[in-house]
Amino acid sequence: MGRGGAGGGKESGRGELEPAKRGPNAASATTAPSALERVRQAARRDPKQKFTALLHHIYAVERLRSAYFALRRGASAGVDGVTWQQYGQDLERNLEDLSDRLARGAYRARPTRRARIPKSGGRDRLIGVPALEDKIAQRATVEVLQCIYEEDFLGFSYGFRPGRNQHMALDAVSVGIRKRKVNWVLDADIRGFFDTLDHGWLVTFLEHRIADKRVVRLIQKWLKAGVLEDGKRTRSTVGAVQGGSISPLLANIYLHYVLDLWTQRWRKRAAGDVIVIRYADDFVVGFQHREEAERYLAEVTDRFEGFGLELNVKKTRLIEFGRFAALGRAKRGESKPETFDFLGFTHACGKTAKGWFAVRRWTRRKSWQAKLREVRTELRKRRHQPIPEQGQYVAAVIRGHCNYYGIAGNSKAITSFRFAVVQAWRRALSRRSQKGHVPWRRMRRLIHRYCPPARVRFTDPDGHLASSIRGRSPVR
């Protein structure tokens, strides 16, 4: 690693920190947390520093073991057919062998098995299932690289980052629009981002910070491995397969350089207030002035073009939105302000009981309907299962839905969803009943036993966000 680096060993004649001993388990001489903490501190001290010795942190057996136990145990197997349980039968020998191959450069990435998940609108979401050793190596790599990039990423980036989630991004939108001078909102979506991410540009961006060529080559192996679907292997110079641990981090790195840093510079030159919230490839930008909103949209479109990206015209909209939107539109004889969708919620202009401006949020209709269709299909498949097993599934669906959509002002939508799931369960049970229906008398007992109440979990966007970001700006 470069000056001020954190290699966990002695300083070489070139002024670089190298591991204290060579070999597959070189990093074992130092405890993993302290080694990564030194990487983090070095990244924080010098935003321009390039790290030249990182691979030994990745192939340390302790880190690979931690990555293995962090994997989901019931996950589908990749093209190798190896499950978590099978790999663990001789875990230490397998990890030693993987560590040795990573250290020698003999590790070979396998193609990702492609799975298709139906989406609303009749399309499929393409998900990749990496081989087990690829999952382990990717997770270990992410753990090391996050120590560097979490010091670089900007505050308005919320997607796939430790300690950040969708609810923080949603709260940032609400708080930013209410507390800043926002009159126009750009709701933007990048068309097929994970399929169009350019490998050449990504490597260029990585090399701004990562000067360890072995780590860059390791990432390139995953990018070039391609996908396997119906026995056919496909490779490409663009795209990062969704499903692997490394893809979300690579996506954030790409957009950090293409969008975030550029937007940060752009708004410093703006005359009015500008707020930004990005979650993965979805982002919302709020503007005080319409002319600046239109200029930003034109300029960000041109910038994306230079990096192989394109805004999804159907999902990208510039609308009048904010505390004065309703009044301004009424004076012009126009209808009430338009709404926009972000992270599964529809956002609308509203008022509190005391007449103050508020951002109203409720479950996006398409998301609500798509989930209910999925539940109905699953209950038909499960209708011959014992009642307790069906009840456990129904309880998990309701609980999961309320845990995400249970925000202030959305109690009606989550209550309605719970009732729709109960009705779907009753219809599924009625199909196997000799009487052709299940009386509500019996259904009420099942509801009481298995269906948790629809409760709002997040009641205070301001307080929740303030405690989460600890004083840092949610939109800067």
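1. Leucine 343 is buried, with a relative accessible area of 14%. This comes from a predicted model. The residue belongs to the loop that links β9 (340-342) to β10 (345-351). Its phi is near 55°, which is a positive value in a residue other than glycine. Anyone checking the backbone here should look at leucine 343 with that phi in mind.

2. Alanine 280 can be read in the same way. Its phi is also positive, near 55°, and alanine 280 is again a residue other than glycine. Alanine 280 sits in the loop between β6 (274-279) and β7 (282-287). The relative accessible area of alanine 280 is 9%, so the residue counts as buried, the cut-off being under 20%.

3. The strands on either side of alanine 280, β6 and β7, are part of an open sheet. Four strands make up this sheet, in the order β6-β7-β3-β8, and their pairing is antiparallel. β6 and β8 (317-320) are the edge strands; each has a single partner strand, and therefore one side of each has no neighbour in the sheet. From one strand to the next, the twist averages 15°.

4. Within the sheet, β3 (residues 184-189) and β7 run antiparallel and are joined by six bridges. Leucine 186 has valine 285 of β7 standing opposite. As background, strands of a sheet pair through backbone hydrogen bonds, either parallel or antiparallel.

5. Two helices are to be noted alongside the sheet. Helix α7 (residues 166-179) packs on the sheet and touches β3 and β6. The direction of α7 makes about 165° with that of β6. Helix α11 (residues 246-268) lies across β6 and β7, and α11 runs at about 175° to β6.

6. Which helix holds glutamine 390? Glutamine 390 is found in α15, a helix that covers residues 387-405. With a relative accessible area of 0%, glutamine 390 is buried. The side chain of this glutamine reaches the backbone oxygen of arginine 383 at 3.2 Å.

7. Which residues does glutamine 390 contact, leaving aside its neighbours within four places in sequence? They are Arg382, Arg383, His384, Gln385, Trp425, Leu429 and Arg432. Arg383, named in this list, is also the residue whose backbone oxygen the glutamine 390 side chain reaches.

Key: Residues numbered from 1 in each chain as written. Predicted model: local features only at pLDDT ≥ 70, side-chain atom pairs only at ≥ 80, totals over all residues. Heavy atoms only, no water. Buried < 20%, exposed > 50% of the residue type's maximum accessible area, 1.4 Å probe, protein only. Polar contact = N/O pair within 3.5 Å; in protein donor to acceptor, adjacent residues only side chain to side chain. Contact = heavy atoms within 4.5 Å. Pairing = 2+ DSSP bridges. Axes fitted to C-alpha atoms, helices over the stretch in contact; angles between N-to-C directions.
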